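Reader: I should be grateful for a close look at the aromatic side chains of this model and their surroundings.

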Amino acid sequence: MQDFVRDELGTPNVVDRSAFQAELDALRIREKAHTREGDAIAAARRRLPMVEVDGATRLIGERGPVTLLDVFEDRRMLLAYYLMWHAGRPASAQCEGCTWVTSQVRELSYLHARDITYATFCQGPHEEGARYRDFMGWEMPWYSAPQDSLETLLVGRRVGMMHIVCYLRQGSRVFETYWTTRRGVEAMDNSYRLLDLTVYGRQEKWEDSPPGWLKGKQFSRIDGRPTAQWSRLRAGHSDDLATGSR
């Protein structure tokens with residue numbers, strides 16, 4: 001456990017309760033404005049046009065080849081996370097960012113209640129990716145997207161990157177309604193949002209923090225592995241991806 005006294009970290013000024021509340025009340029005005037702006041952006045997102053994609057695009061599921069249309073599981077909408085994959089590499093070398101956000105996707109019933117299917121599209125061999133899913137204890141629908149399918153589904157974007165892509169089904173036709181990448185995939189995360197509420201924030205070097213604030217600590221990878229893997233190993237789960245290395 002970190003010894004905060006020994007490390008002499010910077011801390012906020014100490015004030016009385018009324019002064020603290022006055023500062024918080026001023027910040028709350030900005031927080032509410034931020035929330036309202038987020039609502040306005042979401043409203044604009046709902047008004048974006050859409051583009052048709054080939055619903056017959058091939059993916060590989062647990063029982064073999066399926067189509068993009070199949071992945072909807074008869075729901076109206078599909079939210080797909082395109083997971084980065086390093087083919088032939090051990091579990092410890094897989095993407096810490098994708099592991100971080102995917103580990104936080106657990107309860108899907110709330111999405112299902114809104115007629116949305118959530119699925120992971122692994123950008124690598126199905127056997128390796130499925131073994132990783134099982135090692136991590138993830139339960140969401142899992143598919144592998146072959147290279148030719150990725151070039152169709154991610155046209156105009158960088159294949160191999162993390163992406164969230166939203167789709168709408170109308171009968172047998174499929175449309176793409178939104179996509180995002182890089183920091184946009186933080187939508188899947190709750191850890192950063194909670195860290196943002198704490199005094200030291202995300203503890204990342206780019207953050208605007210006062211001098212002496214805790215910074216630079218690794219978050220998504222610790223001791224050579226994506227952070228979430230350590231609890232799985234301690235619980236006795238195998239990280240063997242049948243790649244010939246561990």
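To begin with, over the ring of which residue does the charged end of arginine 157 sit?

Author: The model is a predicted one. In it, the charged end of arginine 157 sits over the ring of tryptophan 179, 4.9 Å from the ring's centre. A second arginine is placed over a ring as well: the charged end of arginine 45 sits over tyrosine 178, 4.9 Å from the centre of that ring.

Aromatic rings also pair with one another, and the structure holds 10 such pairs. In one of them, tryptophan 100 and tyrosine 192 have ring centres 4.8 Å apart and planes at 65°; an angle over 60 degrees counts as edge-to-face, so this pair is edge-to-face. Because tryptophan 100 belongs to helix H4 and tyrosine 192 to helix H8, the pair ties together parts that are 92 residues apart in sequence. Tryptophan 100 is buried, with a relative accessible area of 16%, and tyrosine 192 is buried at 8%.

Tyrosine 192 has a further partner in phenylalanine 219: their ring centres are 5.0 Å apart and their planes lie at 20°, so this pair is stacked. Phenylalanine 219 lies in the loop between H8 and strand S9, 27 residues from tyrosine 192. With a relative accessibility of 24%, phenylalanine 219 is partly exposed.

Elsewhere, Trp85, Tyr132, Phe135, Trp138 and Trp142 form one aromatic cluster. Tyr132 is also among the residues that touch the most other members of the largest nonpolar core, together with Tyr81 and Leu83. That core has 26 residues, and helix H6 (126-136) is one of the elements that each supply at least two of them.

Key: Residues numbered from 1 in each chain as written. Predicted model: local features only at pLDDT ≥ 70, side-chain atom pairs only at ≥ 80, totals over all residues. Heavy atoms only, no water. Core = buried A, V, L, I, M, F, W, Y, C linked by side-chain atoms within 4.5 Å. Buried < 20%, exposed > 50% of the residue type's maximum accessible area, 1.4 Å probe, protein only. Helix = DSSP H or I, 4+ residues; strand = E, 2+ residues; numbered from the N terminus. Phe/Tyr/Trp six-rings, centres within 6.5 Å; stacked < 30°, edge-to-face > 60°. Lys NZ or Arg CZ within 6 Å of the ring centre and 35° of its normal.
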